[in-house]
Amino acid sequence: MKTREILALALTGVILSGCATSKRPVAVMATPEYAAKEPIATSLFPSDQAVLGEEAVGRILSSKLELPAKAKLALMKFPDAEGSRYYGRYYWRDEEYLKGQQAQVDTLCTALLASDQIVEVIPLPSLMTPRQVSIPILREAAVRMQADLLLVFRVGSDTYSQYRTFAKDKVKAYSTCEMVLLDVRTGLVPFTRVVSREKLELKQTGDLELSETMRRAEQESTTDALRAAAEDLVNYIKSVPRKSR
């Protein structure tokens, strides 16, 4: 038995010694051989140059973007195919759903108009955009409305419920807001943000079904995520260069 214990201890020492002396893998780009190579300044892929020429790429990356001192902002909600997955097939026709969609727009408008640089926020009607949207199409729609900026957002939510025997049922909702700002004049995207918020709700006596609790939790977490993302955008606009007029 003593011999076995000695061999086990010796083997353990060898393993630990090997772990202690092993080196972390070095990235190829951090090696001296890679650093000695000639740098690449432009794309050598023909497909990249077919979409955007090297001269345009160089000019875009070497120039600065100035946002308008006073901007008219068009607001668009990106189509989401995952809507109403919790509340039934025809939830999109429900009054509460329509109110929730309007509440999202109102939340963003209120937060954005708190900025001195944003003087007007106008929702972009869905009739002006096709089902298959793209940056050029969105830019053209914003131009037709004479908007300086276009803000595209999308909100996704997930809810989780917990049934309790001697207490109120609990529902937790997670909402994630994705936000993209487009400068209409240049077609550049100077700002993006992804913000997640959660909300815990207890089933109230007035909730006929747990789905009502889910709706409330989702709407509140969505509002928090939208407001946080909009505040980040307002702070960003304050900090970047602006045109004199």
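**Exercise 1. Determine how exposed E198 is, and describe the salt bridge that E198 forms**.

Step 1. With a relative accessible area of 45%, E198 is partly exposed, a class that lies between buried, under 20% relative accessible area, and exposed, over 50%, with a 1.4 Å probe and protein chains only. This is a predicted model, in which local features need pLDDT of at least 70 and side-chain atom pairs count only at pLDDT 80 or more, while totals for chains, interfaces and linings use all residues. Residues are numbered from 1 along each chain as its sequence is written, and side-chain values use heavy atoms, with hydrogens and water left out.

Step 2. The partner of E198 is K172, and the closest N and O atoms of this salt bridge are 3.5 Å apart; the term requires a side-chain nitrogen of Lys or Arg within 4 Å of a carboxyl oxygen of Asp or Glu. The pair links distant parts of the chain, since E198 lies in strand β5 and K172 in strand β4, 26 residues apart. K172 also counts as partly exposed, because its relative accessibility is 27%.

**Exercise 2. Place the salt bridges E140–R144 and D148–R185 in the chain, and state which of the residues E140, R144 and D148 are buried, partly exposed or exposed**.

Step 1. The structure holds eight salt bridges, among them the one between E140 and R144, whose closest N and O atoms are 2.9 Å apart. Because these two residues are four apart in helix α6 (residues 135–144), about one helical turn separates them.

Step 2. E140 is partly exposed, with a relative accessible area of 43%, whereas R144 counts as exposed at 62% relative accessibility.

Step 3. The side chains of D148 and R185 meet in another salt bridge, at 2.8 Å from N to O. This pair links distant parts of the chain, with D148 in the loop between α6 and β3 and R185 in the loop between β4 and β5, 37 residues apart. D148 counts as buried, because its relative accessibility is 13%.

**Exercise 3. Work out which elements build the largest nonpolar core, and describe the surroundings of L151 and L108**.

Step 1. The largest nonpolar core has 30 residues, and those touching the most other members are L73, L75, L108, L112, L151, M179 and L233; such a core is a set of buried Ala, Val, Leu, Ile, Met, Phe, Trp, Tyr and Cys residues joined through side-chain atoms within 4.5 Å.

Step 2. Two or more residues of this core come from each of β1 (71–77), α5 (95–112), β2 (118–123), β3 (149–162), β4 (170–183), β5 (191–202) and α7 (210–239). The largest share, eight residues, is given by α7. Helices (H or I, at least four residues) and strands (E, at least two) are DSSP runs, numbered from the N terminus.

Step 3. Beyond its neighbours within four places in sequence, L151 is in contact with L73, A74, L75, M76, L112, M179, V180, L181 and L233, where contact means heavy atoms within 4.5 Å. A second, separate core of 14 residues includes V133, M145, A147 and V152.

Step 4. L108 lies in helix α5 and counts as buried, because its relative accessibility is 0%. Apart from neighbours within four places in sequence, its contacts are L75, F153, M179, L226 and A230. Although L108 and A230 are 122 residues apart along the chain, their C-alpha atoms are separated by 6.3 Å.

**Exercise 4. Describe how β1 is covered and paired, and then characterise the nonpolar surface patch that includes L61**.

Step 1. Five of the seven residues of β1 are buried, and the strand is thus mostly covered. β1 and β2 pair in the parallel sense over five bridges, pairing being assigned if DSSP finds at least two bridges between two strands. Within this arrangement, A74 stands opposite I122 in β2.

Step 2. At the surface, V51, L52, I60 and L61 form a nonpolar patch with about 430 Å² of accessible area together. Patches are made of residues with over 30% relative accessible area and no salt bridge, like charges being joined within 9 Å and nonpolar side chains (Val, Leu, Ile, Met, Phe, Trp, Tyr) within 5 Å. Accessible areas come from the Shrake-Rupley method with a 1.4 Å probe, and for residues only the protein chains shown count as cover.

Step 3. L61 belongs to helix α4 (residues 54–62) and is exposed, because its relative accessible area is 71%.
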